[in-house]
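Dear colleague,

I am passing on the structure we spoke about, with sequence and coordinates together. Please have it open while you read the notes beneath it.

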Amino acid sequence: MNYIAIETSTNICSVALFKSNEMIGLIENEEKKSHSKELGVSVKSIIDHNNILINDINYIALSSGPGSFTGLRIGSSLAKGMAFALKIPIVMVPTLQSLEFAIKIKENHNICVFSHSDQFYLQNFKNGLPKSDIKLVSANDLKSNRKRLFGYGLEKSSIPFNYTEIKPSAKLIGKISKLKFDDWVVKDINEAELNYINNFNIKKT
């Protein structure tokens, strides 16, 4: 299949193009607050420069959160607009599970992404599978955690701690969407929900 992957859950604006299930293009921009001006341009550019027609796209893989409220909304708006126009489905990829896809260890560990202030999204994994719900935790919670830690944006914490950085990328979103297509595909775009998590662990649409 041919598909576009979009990752806008953090400051990174990332778009990847897959043709016959292989990635043939990747555009990433780490400039802050660039999503609204860069995302549409990046999608058009990656299609135009890789010898593929927009009508040949079979689905869109989208990072569904948690993450930046504004970034996720921008990614979702473009993905839904394209999906509606092309009459194709969206594969909603949980952001932390896409980061887990980059890790090749079996032991128990945590994936973490910066939210705001000294707050972070955290989920526990083992053998590549989530072993807990996503929680919003404080820097103090992370400092006291004894499990190996992977993630992005953790340098923004007021408390330093050891972790291995994994950058969110449309490359990861696209690769895991292929493997989990049947589990995460959403054919009715009105049912494509983003996962916003606040202090009360409430999902909003």
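What follows is a summary of the sheet, the cores, the aromatic pairs and two individual residues.

Please keep in mind throughout that this is a predicted model.

I begin with the sheet, which is open, has six strands in the order E3-E2-E1-E4-E5-E12, and shows mixed pairing. Its edges are formed by E3 and strand E12 (185-186), each of which has a single partner strand, so one side of each is left without a neighbour in the sheet. At one end of that order, E2 and strand E3 (residues 22-29) pair in the antiparallel sense over seven bridges, with Leu 17 standing opposite Gly 25 in E3. These two strands make a hairpin with two residues between them, and Ser 20 in the turn has a positive phi of about 50 degrees. E4 and E5, by contrast, pair in the parallel sense over four bridges, and there Ile 60 stands opposite Ile 90 in E5.

Those two isoleucines come up again in the largest nonpolar core, which has 25 residues and in which Ile 4, Ile 6, Val 43, Ile 60, Leu 62, Ile 90 and Met 92 touch the most other members. Two or more residues are given to this core by each of strand E1 (3-7), strand E2 (13-19), helix H1 (35-48), strand E4 (59-63), helix H2 (69-86) and strand E5 (90-93). To take one member as an example, Leu 62 is in contact with Ile 6, Gly 75, Ser 76, Ala 79, Ile 90, Val 91, Met 92, Val 93, Ile 173 and Leu 194, if residues up to four places away in sequence are not counted. Another core, of 14 residues, lies apart from the largest one and includes Ile 105, Tyr 121, Ile 134 and Ile 197.

As for the aromatic residues, the structure holds seven aromatic pairs. In one of them, Phe 120 and Phe 161, the ring centres are 6.5 Å apart and the planes stand at 80 degrees, so the pair is edge-to-face. Because Phe 120 belongs to strand E7 (residues 119-126) and Phe 161 to the loop between strand E10 (148-152) and strand E11 (164-165), the pair ties together parts that are 41 residues apart in sequence. Both Phe 120 and Phe 161 are buried. Elsewhere, Tyr 3, Phe 18, Tyr 59 and Phe 181 form one aromatic cluster, while Lys 104 lies over the face of Phe 101, at 5.0 Å from the ring centre.

Finally, two residues that you may wish to look at individually. His 109, in strand E6 (residues 109-116), is buried with a relative accessible area of 0%, and its side chain is joined to that of Glu 100 by a polar contact of 2.6 Å. Beyond its neighbours within four places in sequence, His 109 is in contact with Glu 100, Ile 103, Gln 123, Asn 124, Phe 125, Lys 147, Arg 148 and Phe 150. Pro 130, in strand E8 (residues 129-130), is partly exposed, with a relative accessible area of 32%. Setting aside residues up to four places away in sequence, Pro 130 touches Gln 97, Gln 123, Asn 124 and Phe 125. From Pro 130 to Asp 141, eleven residues apart in sequence, the distance is 19 Å in space, C-alpha to C-alpha.

With best wishes

Definitions and conventions
Residues are numbered from 1 along each chain as its sequence is written. This is a predicted model: local features need pLDDT of at least 70, side-chain atom pairs count only at pLDDT 80 or more; totals for chains, interfaces and linings use all residues. Side-chain values use heavy atoms; hydrogens and water are left out. Rings of Phe, Tyr and Trp (its six-membered ring) pair if their centres lie within 6.5 Å; planes under 30 degrees apart count as stacked, over 60 as edge-to-face and the rest as tilted. Buried means under 20% relative accessible area, exposed over 50%, partly exposed in between (1.4 Å probe, protein chains only). A charge sits over a ring if NZ of Lys or CZ of Arg is within 6 Å of the ring centre and within 35 degrees of the ring normal. A nonpolar core is a set of buried Ala, Val, Leu, Ile, Met, Phe, Trp, Tyr and Cys residues joined through side-chain atoms within 4.5 Å. Contact means heavy atoms within 4.5 Å. Two strands pair if DSSP finds at least two bridges between them. A polar contact is a pair of N or O atoms within 3.5 Å; within protein, one must be able to donate a hydrogen and the other to accept it, and residues adjacent in sequence count only if both atoms are side-chain atoms.
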